[in-house]
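Reader: I should be grateful for a close look at a single part of this model. Please take one helix and describe how it sits among its surroundings.

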Amino acid sequence: MLIPAITNKCLSYEWKNFLAGFIITCTSGVIFILLGKLNGTPAIFAITSCTWIALPLFAAIPFYFDNLSYVDALFETISGITTTGATIFNDIEKQSPGILLWRAMLHGIGGFGVITLGIAVFPMLKILGLNNLLYSEYSDATKRKLPNTRSVVIHVTAIYYSLILLCVFSYYLAGMPLFDAICHGMSAVSTGGFANYNDSIGHYNNPMLEVITIIFMILGSLPFLSYLKIIRRLDICHDEQVSYFVRVAIVSSLFACFWLYQNVDLGVSLSFRCSIFTITSLITSTGYAICNHIDWSFISVLAFFLTFVGGCSGSSSGGIKIFRLIIFLRSIENHFRLLLNPGAGDRVKFNGKILENDEVHSVFIFFAIFMLTFTISSIVMSYLSNADFITSISSVSATLTNSGPGFSNLIGPSGNYSSFSNEVKLFLSFLMLLGRLEILPIYFCIGNLFLFNREK
């Protein structure tokens, strides 16, 4: 918090809100350190969930002292730290440089935290599916050079922030002002989506900046362990989730481009720019925009479902993750194959390895829980907000998949979430945390707390 405080102080803006947040957070941190430690698998779930809940409570303090209600401040903070990119600001350009920088920093911190979860925490939790398999494949190949998880996290952290610096430098060379380049660099690599202007990246109307943004949104959606493999010149095996993610993004972009050219009078060049940027932004769960796609029926429907897909495991992207979709479809294929040939054994493969039944089962459990959560949340959202059908389901999908903008005029690329009641904002904030932690850790904690109270 001292960084945006110094920024505002030097530029003659209000800075004491960040100093107050710094003092409160440091004092509370010392108290928490003195409270002790927990051990065991339940403690991993508890620490993971509670950390992601506690961080926004303190990170929201500068927003609160900047004349926002605490609920609004909390919504903006959770949106930032979960790299969702949904905002309550009606006029972003009027915010101080410190506030704009703090929003971007929350993306930078949150994106790093998400990658750390995928590499260091989720592999310990077998219930979350193939994250443990994806990590074990890497650690087996590198155990001589990177003997423990801590070393891997340190190296991946260096890669993550190096990508941010490279993105900032690229933006600056392409003509973006340095301050904007710093903010958008953190936002693009973390696949967050906060921008310094109401019309997002479209404010610049610069094809080169759009290309740079597309590149770094994709880089932020790929497994960061793969970068470490390449850097250390290890034996690189084919990663199917990367291959399928790129294919889905390319095919979807081409379909969108063809439809846009055929049905909207934009010309070839603008149709190409808008379709590729929009599809990439939403499939990577970033939420940047260069045009308002709400009225483009086919693209809106296609993009809505692509937000559920998300990026790769071990990346800063949100969504269900592409590897789960691969396993899900191959399991269905395997089921029909067994019906036609009962004597054949189970052969659901991923990256050349035959998966265990419990690994496949966990993917189906995740799909079921995710879709059940989406369905119930959409009903609750409609009840709390009295919003129309599209606004209700798209606000839930946008927050649960951490993609940011919805698919109605109220919360689309040209809108924001400021008009919702405090109850709705708190509910959507919970969904952002739920989606960012891939649902199960928070449900596990709630279930354990319920069982503990019942036994007591």
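Author: The following account concerns one helix, its charged pairing and its nonpolar neighbours, with some related pairings for context.

The model is a predicted one. The helix chosen is α5, which covers residues 70–81. With 12 residues at 1.5 Å a residue, α5 should span 16 Å, and its end C-alpha atoms are indeed 16 Å apart, so expectation and model agree. Just after α5, Thr83 takes a positive phi of about 55°.

As to burial, 11 of the 12 residues of α5 are buried, so the helix is largely enclosed by the rest of the structure. The buried residues are Val71, Asp72, Ala73, Leu74, Phe75, Glu76, Thr77, Ile78, Ser79, Gly80 and Ile81. Tyr70, which also belongs to α5, has a relative accessible area of 31% and is therefore partly exposed, because buried requires a value under 20% and exposed one over 50%. Tyr70 also contributes to a nonpolar surface patch of about 510 Å², together with Ile24, Ile53, Leu57, Tyr64 and Phe65.

Among the buried residues of the helix is a charged one, Glu76. Glu76 forms a salt bridge with Arg103, and their closest N and O atoms are 2.9 Å apart. Since Glu76 lies in α5 and Arg103 in helix α6 (residues 97–121), the pair ties together parts that are 27 residues apart in sequence. Both partners, Glu76 and Arg103, are buried.

A nonpolar residue of the helix, Phe75, is among the residues touched by Tyr417. Other contacts of Tyr417 include Ala86, Thr87, Ile88, Pro405, Ile411 and Leu428, where residues up to four places away in sequence are not counted. Tyr417 and Leu428 both appear in the group that touches the most other members of the largest nonpolar core, which has 116 residues. That group also includes Phe63, Trp102, Tyr171, Phe224 and Trp296. In soluble globular proteins, nonpolar side chains tend to be buried together.

For context, the pairing made by Glu76 may be set beside others, as the count of salt bridges comes to 7. One of them joins Arg273 and Glu210, with an N to O distance of 2.7 Å. Arg273 is in helix α13 (residues 267–283) and Glu210 in helix α10 (residues 207–220), so this pair ties together parts 63 residues apart in sequence. Glu210 has a relative accessibility of 4% and so counts as buried.

A further salt bridge is formed by Glu438 and Lys321, whose closest N and O atoms are 3.5 Å apart. This pair links distant parts of the chain, 117 residues apart: Glu438 is in the loop between α18 (422–436) and α19 (440–455), while Lys321 is in the loop between α14 (297–309) and α15 (322–340). Glu438 and Lys321 are both buried. Together with Arg324, these two residues are linked in a network of salt bridges. Arg324 is itself one of the buried residues of α15, which also include Ile322, Phe323 and Ile326. Helix α15 has 19 residues and reaches 28 Å from its first C-alpha to its last, close to the 27 Å expected at 1.5 Å a residue.

To return to α5, the helix is largely enclosed, its residue Tyr70 is partly exposed, and its residue Glu76 is paired with Arg103 of α6.

Methods. Residues are numbered from 1 along each chain as its sequence is written. This is a predicted model: local features need pLDDT of at least 70, side-chain atom pairs count only at pLDDT 80 or more; totals for chains, interfaces and linings use all residues. Side-chain values use heavy atoms; hydrogens and water are left out. Patches are made of residues with over 30% relative accessible area and no salt bridge: like charges are joined within 9 Å, nonpolar side chains (Val, Leu, Ile, Met, Phe, Trp, Tyr) within 5 Å. Accessible areas come from the Shrake-Rupley method with a 1.4 Å probe; for residues, only the protein chains shown count as cover. A salt bridge is a side-chain nitrogen of Lys or Arg within 4 Å of a carboxyl oxygen of Asp or Glu. Helices (H or I, at least four residues) and strands (E, at least two) are DSSP runs, numbered from the N terminus. Buried means under 20% relative accessible area, exposed over 50%, partly exposed in between (1.4 Å probe, protein chains only). A nonpolar core is a set of buried Ala, Val, Leu, Ile, Met, Phe, Trp, Tyr and Cys residues joined through side-chain atoms within 4.5 Å. Contact means heavy atoms within 4.5 Å. The expected span of a helix is 1.5 Å times one less than its number of residues.
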